[in-house]
Amino acid sequence: MFVLYETPAGYAIFKLLDEKKLAEVDNLYLEFQTPEKANKLLKLKHFEKFNDTTEALAAATAAVEGKMSKPLKKTLKKLFAKEVQSSLLVADAKLGNAIKDKLAVPCVYNTGVQELMRCIRQQADSLLSGLPKREMTAMALGLAHSLSRYKLKFSPDKIDTMIVQAQCLLDDLDKELNNYMMRAREWYGWHFPELGKLITDNVAFVKTIKLVGTRENMALADLSDILPEEVEEKVKEAAEISMGTEISEEDIMNIQCLCDEILSIDEYRTHLYDYLKTRMMAMAPNLTVLVGETVGARLIAHAGSLINLAKHPSSTVQILGAEKALFRALKTKKDTPKYGIIFHAQLIGQASLKNKGKMSRSLAAKASLATRVDAFGEEASCELGATHKVKLEGRLRLLEEGNLRKLSGTGKAKAKFEKYQAKSEVFTYQPEADNTLSVKKRKHSEISPVETQVEEPEADDANNETGPSVSEKKKKKKKKNKNKDQEQQQAEPAKKKFKPKKEPDSD
């Protein structure tokens, strides 16, 4: 019975002299307390040494995957060509199955073998007498580094830490530049206050101060490389009638030193931004195409890494950066935010106010898919991001043109697009509304006698044909009312007058 023991230097094959000791698992460690006892139980049969670290790494990766390497295969073929009926004790069940399938060698793996491997590891220096301990330690360290590098699939382009640090530094540089520019404008404004309103660009403002110095030199200075002709003429005219105070040469020298610092920081910021663009295209090309370099880098920096961002659902990506607003809304039971860092993306900036929420939700869904492809995909290409961006641009166009409405019926029915027509708030002039007099119906008594004379023959003719006239109807009504009154009076009993009797006088 043979024992296969793997070391960083090579494969060691021992012969087990007493197989009965393997059955006593609990007392097996007693046989390895001293090197002499260990040599009595095990004998080194063959040692196959690795030629270099590459061969050792290949053998280690094959063992991790449960496969048999070429050096091991050659060694076992030579050994078991002579010892056909012997079995092999292995430390890994997968490796044992691979050896059994390819070489038809019976392999044993159980708790007794595990205990035996622990004991061999304890007395490995004495059992492997040909290898010094220092060399074995160095080979173990080199193999550990190589195996770790292989497992992580180390690639300098896939380091998201560089992107996180570059984006954080870029934000810090923007803050510092803003502070320095405010200080330079306020400082030079005491000498030439009109220049700040005429030149709005910060870099052009700083270059002008550095080139000119005091405002007295403005008339003779050539600013064509920095400013347009119209602005240059206005600056020179304002310098002649400026209301600023006079400053010394030492003051303008310190202001120009500040301008040099601003220009150097701005130049370094441009260089850092180019570096960030190349890193983002190498590491997350699909995400970069969808949301841009700055927004993509901020999302990665906020999540911690590209893999952490890929694990987030699209709803989390949508509000990433708006955590305070989210928890405040949940606490006060108000509407939650619709977007966070992703709000600064180009597609959302192009949308109108009512469509920003819909576009942020769609963009977050596509960005989460693109991030997973960038994080876990093997091929680095931006085809997915470009395809999704075209679809999102089409959806934005449809949203801006009109509202989306689905037809009633089956789910296969196509969407119906109706153009949005804004209602005009301009009121047209209506001349019919000028007459404010109300038309009322006149009573019969208000009609003039002339009108009645004209209308009476027609009415009489009509009454003769149809029935009694209006005056006769009124007379009949009056008679009826009088008859009713008389009947009521007769029905009522006559009231008797009650006169109290006079009492006789007591006198």
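# Close-up views of the predicted model

**View 1. Cysteine sulfurs around Cys259.** The cysteine sulfur closest to that of Cys259 belongs to Cys257, and because the two sulfur atoms are 9.0 Å apart, they are too far from each other for a bond. The structure shown here and in every following view is a predicted model. Since a disulfide would require the two sulfur atoms to lie within 2.5 Å, the separation of 9.0 Å rules out such a pairing for Cys259. The side of the question that concerns solvent is also settled for this residue, as Cys259 has a relative accessible area of 0% and is therefore buried. Another cysteine, Cys119, is likewise counted as buried, with a relative accessibility of 2%. When the search is extended to the whole structure, the number of disulfides found is zero.

**View 2. The open five-stranded sheet.** Five strands make up an open sheet with mixed pairing, and their order across the sheet is β3-β2-β1-β4-β5. The two edges are formed by β3, residues 42–49, and β5, residues 107–108, each of which pairs on one side only. In general, the strands of a sheet are paired by backbone hydrogen bonds, in either a parallel or an antiparallel sense. For the sheet in this view, the antiparallel sense is found between β1 and β2, whereas β1 and β4 pair in the parallel sense. The protein as a whole contains seven strands together with 22 helices.

**View 3. Strand β1 and its two neighbours.** How many bridges join strand β1 to strand β2? Strand β1, residues 2–6, is joined to strand β2, residues 10–16, by five bridges, and the two strands run antiparallel. Together they form a hairpin, with three residues lying between the strands. Within this pairing, Tyr5 stands opposite Ala12 of β2, and Glu6 has Tyr11 of β2 as its bridge partner. Strand β4, residues 88–89, pairs with β1 over two bridges in the parallel sense, and here the bridge partner of Val3 is Leu89 of β4. Four of the five residues of β1 are buried, so the strand is largely enclosed by the rest of the structure.

**View 4. Helix α8 against helix α10.** Helix α8, residues 160–189, and helix α10, residues 202–212, have axes that come within 11 Å and that cross at roughly 45 degrees. Angles from 65 to 115 degrees would count as roughly perpendicular and those under 35 degrees as roughly parallel, and α8 and α10 are therefore classed as oblique to each other. In this crossing, α8 passes α10 in a left-handed sense. On the α8 side the residues that meet the partner helix are Met181, Ala184, Arg185 and Tyr188, while on the α10 side they are Asn202, Phe205, Val206 and Ile209.

**View 5. Helix α8 against helix α14.** Helix α8 also packs against helix α14, residues 293–303, with the axes 9 Å apart and at an angle of about 110 degrees. The two helices, α8 and α14, are therefore roughly perpendicular to each other, and their crossing is left-handed. The α8 residues making this contact are Asp160, Ile163, Val164, Gln167 and Asp171, and those contributed by α14 are Thr294, Ala297, Arg298, Ile300 and Ala301.

**View 6. Surroundings of Trp187 in helix α8.** Which residues does Trp187 touch, once those up to four places away in sequence are not counted? Trp187, which is placed in helix α8, touches Asn254, Ile255 and Leu258. Its C-alpha atom is separated by 9.6 Å from that of Asp251, although the two residues are 64 residues apart along the chain. With a relative accessible area of 37%, Trp187 is partly exposed. As context for the whole protein, 63% of the contacts with a separation of 6 or more are accounted for by residues 24 or more positions apart.

**View 7. Two loop residues with positive phi.** Ala104, in the loop between α4 and β5, has a phi near 55 degrees, which is a positive value in a residue other than glycine. Lys333, in the loop between α17 and α18, is likewise not a glycine and has a positive phi of about 60 degrees. Are these residues buried or exposed? Ala104 counts as exposed at 65% relative accessibility, and Lys333 is exposed with a relative accessible area of 76%. Across the 507 residues of the protein, the buried ones make up 32%.

Definitions and conventions:
Residues numbered from 1 in each chain as written. Predicted model: local features only at pLDDT ≥ 70, side-chain atom pairs only at ≥ 80, totals over all residues. Heavy atoms only, no water. Pairing = 2+ DSSP bridges. Buried < 20%, exposed > 50% of the residue type's maximum accessible area, 1.4 Å probe, protein only. Axes fitted to C-alpha atoms, helices over the stretch in contact; angles between N-to-C directions. Parallel < 35°, antiparallel > 145°, perpendicular 65-115°, else oblique. Left-handed = near helix turned anticlockwise from the far one by under 90°. Contact = heavy atoms within 4.5 Å.
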